[in-house]
Amino acid sequence: MMADRKPTGKVSADPDRKRRGDRLGEQLRRLYDDVTQEDVPDDFLRLLEEADRADPPRASDPDA
Amino acid sequence: MHKPAARLDDAAFKRELTDLIPHLRAFARSLCGDPTLADDLAQDAMLKAWNARESFEAGTNMKAWAFTILRNIFYSEKRRAWRRQPLDPEVAESTLVSASNPGDGLDLLALRNALGLLPADQREALILVGAGGLSYEEAAEVCSCAVGTIKSRVSRARKAVTDLLETNKTGFSSDHGIRADQAFDDIMDQADHIASGH
C-alpha cells in the first residue's frame, strides 16, 4: 500500500539523502539489534519449558 | 465469518514464541531502559503469551501480538519497579559502547539519549516502526490507536530527536556532515520501504 503511493525511485533519487537515511536507519536498528543479538538468558527457556510441562492439555483441543 | 480461527499446536507456538524472545527483550529494553528490569518484563510477557496461546490466530503476526501483551503489562502494572526506572545514560553507555569500535557506541549513545528524552508514546512508535520492523498498521494495533496516530507520533518523534541531536551537536551531525532533520526524513522513507515489503 505504501509502495503504491510512492514512485519507486523516490528514496534513491538523491544519493546523499539515501546515504544519510541508510546510516541513521542502520543506527536505530542497531540499538534494537544490539539486544536481539545478545544470547537469551537461560531463565527464559527454563521458564517456558516449566510452563509447558505444568500446563494441562487445552480443554478446547479436539484431540485432547 | 465466525468460523473458528486457525490455531497453532503447542509445539509450533512454542517454537515461534521462542524465536521472538530476543525481540521481546529488545522492545522491553526500549520501554524501561534498565536491562535487568527489561528482562523481568520480557519474561512476564513471554509467560502471559504462552498462557494466552489459544487466542493467537495462526498466520497473523505473532511479534505484534506478543508486543501488545508486553506493552499492556508495562502500562497496566504501575507499581512494578520497571515503571520507576528512567533511561539511565550510564547504563546505556555500558550497554552500547562496543569495545572494538567505541566511536560507534558514542553515536548510538547520542541517539539513545535523544530517544530517552522523548515522550513514551513517541519513542515506542519510532522504535516499533523504525527498528522493530512493524508496519504502521501493526504498530497501531500494538499501541491500541489509529494508524494516523502512529504516523503522527513517529513524525513528532522524528522532529524531537532531530532537534535534540542538533542542539547537542553530537552523533549524526558530528562526523559525516549529516543534518539530522534530513536524516530523519530519510529514515521514515526507509521505514515505509521496509513496511511495504511485508
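Q: Where is the place of Gln122(B)?
A: Gln122(B) is in helix α6 of chain B, residues 120-130. A helix here is a DSSP run (H or I, at least four residues), a strand likewise (E, at least two), and both are numbered from the N terminus. This is a predicted model, in which local features need pLDDT of at least 70, side-chain atom pairs count only at pLDDT 80 or more, and totals for chains, interfaces and linings use all residues, while side-chain values use heavy atoms and leave out hydrogens and water. Residues are numbered from 1 along each chain as its sequence is written, and chains are lettered from A and ligands numbered from 1 in the order in which they are written.

Q: Why is Gln122(B) called buried?
A: Its relative accessible area is 8%. Buried means under 20%, exposed over 50%, and partly exposed in between (1.4 Å probe, protein chains only). The 8% falls under the cut-off, so Gln122(B) is buried.

Q: What is Gln122(B) in contact with, leaving aside neighbours within four places in sequence?
A: Its partners are Arg153(B), Arg156(B), Ala157(B) and Ala160(B). Contact means heavy atoms within 4.5 Å. The C-alpha atoms of Gln122(B) and Ala157(B) are 5.2 Å apart, although 35 residues separate them along the chain.

Q: What makes α6(B) mostly covered?
A: Nine of its 11 residues are buried. Among them are Arg123(B), Glu124(B), Leu126(B) and Gly130(B).

Q: How many helices and strands does chain B have?
A: Chain B has 10 helices and zero strands. Of its 198 residues, 49% are buried. Among its contacts with a separation of 6 or more, 65% join residues 24 or more positions apart.

Q: Which residues have the most contacts inside the largest nonpolar core?
A: They are Leu17(B), Leu115(B) and Ile150(B), in a core of 61 residues. Helix α1 of chain B, residues 10-32, gives the most to this core, with 11 residues. Domain 1 (7-86) and domain 2 (99-198) of chain B each supply at least three residues. Those domain bounds come from an automatic or database domain assignment. A nonpolar core is a set of buried Ala, Val, Leu, Ile, Met, Phe, Trp, Tyr and Cys residues joined through side-chain atoms within 4.5 Å.

Q: What does Leu115(B) touch, not counting residues up to four places away in sequence?
A: From chain A, Leu28(A) and Leu31(A). From chain B, Arg123(B), Leu126(B), Ile127(B) and Val161(B).

Q: Why is Arg25(B) called buried?
A: Its relative accessible area is 3%, so Arg25(B) meets the buried cut-off. Arg25(B) is found in helix α1 of chain B. Its contacts include Val35(A), Glu38(A), Phe44(A) and Ala42(B).

Q: What joins the side chains of Arg25(B) and Asp39(B)?
A: A polar contact of 2.8 Å. The term means a pair of N or O atoms within 3.5 Å; within protein, one must be able to donate a hydrogen and the other to accept it, and residues adjacent in sequence count only if both atoms are side-chain atoms. At 2.8 Å the pair is within the limit, so the term applies.

Q: How many aromatic pairs are found over all chains?
A: The whole structure holds six.

Q: Why is the pair of Phe13(B) and Phe56(B) edge-to-face?
A: The ring centres are 6.0 Å apart and the planes stand at 70°. Rings of Phe, Tyr and Trp (its six-membered ring) pair if their centres lie within 6.5 Å; planes under 30 degrees apart count as stacked, over 60 as edge-to-face and the rest as tilted. Both values fit, so the pair is edge-to-face. Phe13(B) sits in helix α1, and Phe56(B) in the loop between α2 (35-51) and α3 (62-76), 43 residues apart. Phe13(B) is buried at 1%. Phe56(B) is buried at 1%. Ring pairs also link Trp50(B) and Trp65(B) into a cluster with Phe13(B) and Phe56(B).

Q: What lies over the face of Trp50(B)?
A: Arg53(B), at 4.0 Å from the ring centre. A charge sits over a ring if NZ of Lys or CZ of Arg is within 6 Å of the ring centre and within 35 degrees of the ring normal.

Q: Why does Ser144(B) count as exposed?
A: Its relative accessibility is 60%, over the exposed cut-off, so Ser144(B) is exposed. The residue is in the loop between α7 (136-142) and α8 (147-168) of chain B. Its phi is near 55°, a positive value in a residue other than glycine. Most residues other than glycine have a negative phi.
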